[in-house]
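Colleague: Could you walk me through this model, starting with how the chains relate?

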There are 2 protein chains.
Amino acid sequence: MILTVTLNTALDITYRVRELRPHGSHRVSEVTERPGGKGVNVARVLAALGHEVTVTGFTGGATGRELRSQLTGTPGILDALVPVAGTIRRTIAVVDELTGDTTQLNEPGPTVTSAEWSTFQKAYESLLPGVSAVALCGSLPPGLPVGAYAGLIRTARTAGVPVLLDTSGEPLRRGVAARPDIVKPNTDELAELTGSHDPLRGARDTRRRGAHAVVASLGPKGLLATTPEGTWQATPPTHIPGNPTGAGDAAVAGLLEGLPWPDRLSRAVALSAATVLAPVAGEFDRTAYEELLERVRVTGEANAA
Amino acid sequence: MILTVTLNTALDITYRVRELRPHGSHRVSEVTERPGGKGVNVARVLAALGHEVTVTGFTGGATGRELRSQLTGTPGILDALVPVAGTIRRTIAVVDELTGDTTQLNEPGPTVTSAEWSTFQKAYESLLPGVSAVALCGSLPPGLPVGAYAGLIRTARTAGVPVLLDTSGEPLRRGVAARPDIVKPNTDELAELTGSHDPLRGARDTRRRGAHAVVASLGPKGLLATTPEGTWQATPPTHIPGNPTGAGDAAVAGLLEGLPWPDRLSRAVALSAATVLAPVAGEFDRTAYEELLERVRVTGEANAA
């Protein structure tokens, strides 16, 4: 069982419009809705790969009811979301049919009380026994302490469960200091954390700050992993055209499978590229994934033993 | 009891963002939700004026449940919405904090089956006895015949209930031919219907096509009424700054109060202007309404008896 944590769950809504014009009025030609938030996306990819996944985080309000009812229909996913009094957020992606570009509108999410946060921490702790890995994903909703992820990392480490962190800003900084097994920043997040725009230098600095392994996402150029076992870069075979929504979450799913680093990175990059290629945003194309997996190039080497 | 019909009910959501940039990512700083669709807005204004109003139309899905739960809390409004299998639409108004301008995104609404339409027609007919006026408002959801309003007008006329129609395009054209008591087009709708960009000429043509009275909305210039009793224009005292959302629906509420035409137009224009002035989109400012009512200028004259 793998556990994913999404403290700022979302109902992800996609609108198709002909062309988004500020201050204009638009008929939406197509509406799709999907349970979202980074950890929920990671869980969906893991479930599609045949893993059993438990999803936790917060749920509440009409949006929360909708998210849960859609989550219930996804095989392989167990709902362990914790109810709050507030309403979880919607995110709206407005896709421009003319250009294919997307405009994103993200609601702030519910304000979580300290009592609700305590309830969550207890629920989380009780889920850890029997879990092979935990992923802590995405932004924090209003009301949570900025050190929320740092606390959850310490609890996982005490329980002996490997923990991956995928967030940004101050929650990332505090989280790194709590010594997670893996962090997965992109180059912007790495630069914000370390001040360095060189991913290798930034990743090494992040390890010095506490992370055991750093997997930096280089966007279309793949992943760079700096780990206690060695340093590797995995690159997709060609430039992949398509929609990058959810590509980072697919990579996280690949990193949670617990394989040796070169294989793990190949799978993460292939999943990420197969998500960019898929016609539905955030889903991955299985045939493309299997083909890409053969063609991802991994360079680098293990440290001397 | 006044009856308003909203075949394309909506949950109206307002987002505040700093500045809407196409293809950018935006944090929404404030989210508000309100039951919507033109007839629902008309009902809210009538209820605030002390009238008893019954709201009918369609409801369905998670959005419908949310709309009904919010409608239940509005004093003076009776919910007689008819359930459908589909989900009623959301509309999203994105307000730019920098400029105050609004970008509108409107979902299409549920596809209504012919069985659901038959159920609605029976429910509507059973609501008409004891009703002093009925307003048919807004667009048609997918699946309804383009002559839907024309049929509802004939049913109201058979029941002896005065009927107002506020819609556009082909449903307006068909509706006008069914001889409603009042239609309330704006100048664009009038031009589309009659080919004339002169509101007086367009209104007269619309009466020849079947409408008993035509109240043309001239936007910030007020209302022009062409009726069997005479022709009048009502103008607000000054240019009213603010948000015109819902101003047309407030005018419809004023037109349903059944007063002599000059008084009726004054109230409609004052309500409309007091809605533009109000801080919350679609609500009217009562103090402003009472002050404006004294200052609306009505010109024109009754026909010779």
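**Two chains and their shared sheet**

Modeller: Happily! Chain B superposes on chain A by a rotation of 179° with 0.1 Å of shift along its axis, at an RMSD of 0.0 Å; the fit is by least squares on the C-alpha atoms of residues with pLDDT of at least 70 in both copies. This is a predicted model, where local features need pLDDT of at least 70 and side-chain atom pairs count only at pLDDT 80 or more, while totals for chains, interfaces and linings use all residues. Residues are numbered from 1 along each chain as its sequence is written, with chains lettered from A and ligands numbered from 1 in the order in which they are written.

Colleague: What kind of axis relates chain B to chain A?

Modeller: In general, two copies of a chain are related by a rotation about an axis and a shift along it. Here the rotation is 179° and the shift 0.1 Å. That is the relation of a two-fold axis.

Colleague: Which element gives the most to the side of chain B that touches chain A?

Modeller: The contact takes 24 residues from chain B and 24 residues from chain A, where contact means C-beta atoms, placed from the backbone, within 7 Å. On the chain B side, β2, β3, α2, β8 and β9 each supply at least two residues; helices (H or I, at least four residues) and strands (E, at least two) are DSSP runs, numbered from the N terminus. With 5 residues, the most comes from β9(B).

Colleague: Which residue of β9(B) is the bridge partner of A:H26?

Modeller: An open sheet of 5 strands has the order β3(A)-β9(B)-β8(B)-β2(B)-β4(B), with mixed pairing; strands pair if DSSP finds at least two bridges between them. In this sheet, β3(A) and β9(B) run parallel, joined by 3 bridges. The partner of A:H26 is B:L105.

Colleague: And which residue of β3(B) does A:N106 stand opposite?

Modeller: Strand β9 of chain A pairs with β3(B) in the parallel sense, over 3 bridges. Opposite A:N106 stands B:R27.

Colleague: How are α9(B) and α10(B) oriented to each other?

Modeller: Their axes are 8 Å apart and they pack at an angle of about 140°; axes are lines fitted to C-alpha atoms, for helices over the stretch in contact, and angles run from 0 to 180 degrees between N-to-C directions. Under 35 degrees counts as roughly parallel, over 145 as roughly antiparallel, 65 to 115 as roughly perpendicular and the rest as oblique. So α9(B) and α10(B) are oblique.

Methods: Two residues are in contact if their C-beta atoms, placed from the backbone, lie within 7 Å.
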